[in-house]
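Student: I am new to this structure and would like a close look at a single part. Please take your time, and link that part to what surrounds it.

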Amino acid sequence: MSFQRILGQVQPKRIIQNALLNNSVSHAYLFYGQESIGKKLTAVEFAKALNCEVSGPKDNCGVCPSCRKIDQGMHPDFFLLEPEKSSPAGRNAFIKVEEIRELQKKLAYMPYEANTKVAIIDGAETMNLQAANTLLKTLEEPPSATIIILISSNPYQLLPTIVSRCQGVKFHLLSTDAVRQILQQSVPSETDAFSEQELDLRTLRSMGRISRALEEDIEATNNCREEILHLLEQVSFKRMDVAFKWTRQWAKRSDKIQPVLDEMLNILRDLAVIKTQGKSTEIFNRDILDRLKPLAAQKSTGTLIAMFDSALQTKSALMTNANLQLSLDHMLIQFCEAA
Ligand SMILES: [Zn+2]
């Protein structure tokens, strides 16, 4: 294992490997970019390279005692802090000031075994003000032989004083090739391998994020799309029964409605692309192109735009706690008017 393990992310890898090769590693880094695109993986590989007994510092071997201990989270000079929920029922997870203080104590000593101590703080934006200010002191007077890597998918929530003390490294969404390759490598054996069709679908829908590619419930996605297509095919003042059956079903499921509306917006957008003879690579749901084409032929561009607008307005209204049943009914009446 080594930096080769990280697929995509050419730029961040180059920045880190150059720093390692030129002996110009900073005291503190901020790895930022969307969730689930390889920030933590890169930080761990970085920590391993700094201390690898075989391939360090320009890369790591993954098998020497130091690399193995870091991988297992058992290295005495490697620390990984992640936000924890204050209670099992709690909705938000935080990094507490006590945890930062604890980390500071550990960083104050010289390394036990390593060349360089590495502290990774994942979800750094979840530090409250007190925790962030405490960490700031360490960033202002960095302990020797220590590197701190902050990871954040919402860096704008961090204190500017913290951001300015770190070298920023931006991570980008993964390319479809990288997502596909990671998916193929993620299965334990050949018998578990994804079919070509499922690989395409998962890659396409991942939006460059690995967790989404792996966790997508394909059956639920297909059912949801099928229901939306049926609704869009049938919706009209003559078939109010179809419209209201759909709203009754979703009005009870406020927790699920936003992803459903996203799905609907994607489909309406795809229909408009087909209508305007856009490229098939621009179609998000191109695996069901056979279903989308006749529907696009059935609607005018004006109808599709009116429906898209209505779904978008409904989505934003529901974010501000509008009544779910009334909002969905209102949207479908607008659909009937547009159809
Ligand atoms: Zn090693």
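A residue, a helix and their setting

Tutor: Gln9 is buried, having 25 other C-beta atoms within 10 Å, where buried stands for 20 or more such atoms, exposed for 12 or fewer and partly exposed for anything in between, with the C-beta atoms placed from the backbone. Residues are numbered from 1 along each chain as its sequence is written. The model is a predicted one, in which local features need pLDDT of at least 70 and side-chain atom pairs count only at pLDDT 80 or more, while totals for chains, interfaces and linings use all residues.

Although Gln9 is not a glycine, its phi is positive, at about 50°, and Gln9 belongs to the segment before helix H1 (10-21); helices (H or I, at least four residues) and strands (E, at least two) are DSSP runs, numbered from the N terminus. Met207, also a residue other than glycine, has a positive phi near 55°, but Met207 is partly exposed, with 14 other C-beta atoms within 10 Å, and lies in the loop between helix H8 (196-205) and helix H9 (210-215). A further backbone feature is the cis peptide bond from Gly56 to Pro57, whose omega is near 0°, and Pro57 sits in the loop that joins helix H2 (39-51) to helix H3 (65-71).

For a helix seen closely, take H5, residues 129-140, whose twelve residues should span 16 Å at 1.5 Å a residue (1.5 Å times one less than the number of residues), and whose end C-alpha atoms are indeed 16 Å apart. Ala131, Ala132, Leu135 and Thr138 are the buried residues there. Seen down the axis of H5, these buried residues fall within an arc of 110°, so they line one face of the helix; the arc is that of the directions from the helix axis to the C-beta atoms. On the other side of H5, Leu129, Lys137 and Glu140 are exposed. The buried residues of H5 pack against helix H4 (97-108), strand S6 (146-152) and helix H6 (160-164), a contact being a pair of residues whose C-beta atoms, placed from the backbone, lie within 7 Å.

As for the whole protein chain, 15 helices and seven strands are found in it, and 29% of its 339 residues are buried. An automatic or database domain assignment gives domain 1 (3-170), domain 2 (176-215) and domain 3 (218-338), and the C-alpha centres of domain 2 and domain 3 lie 26 Å apart.

Notes
Two residues are in contact if their C-beta atoms, placed from the backbone, lie within 7 Å.
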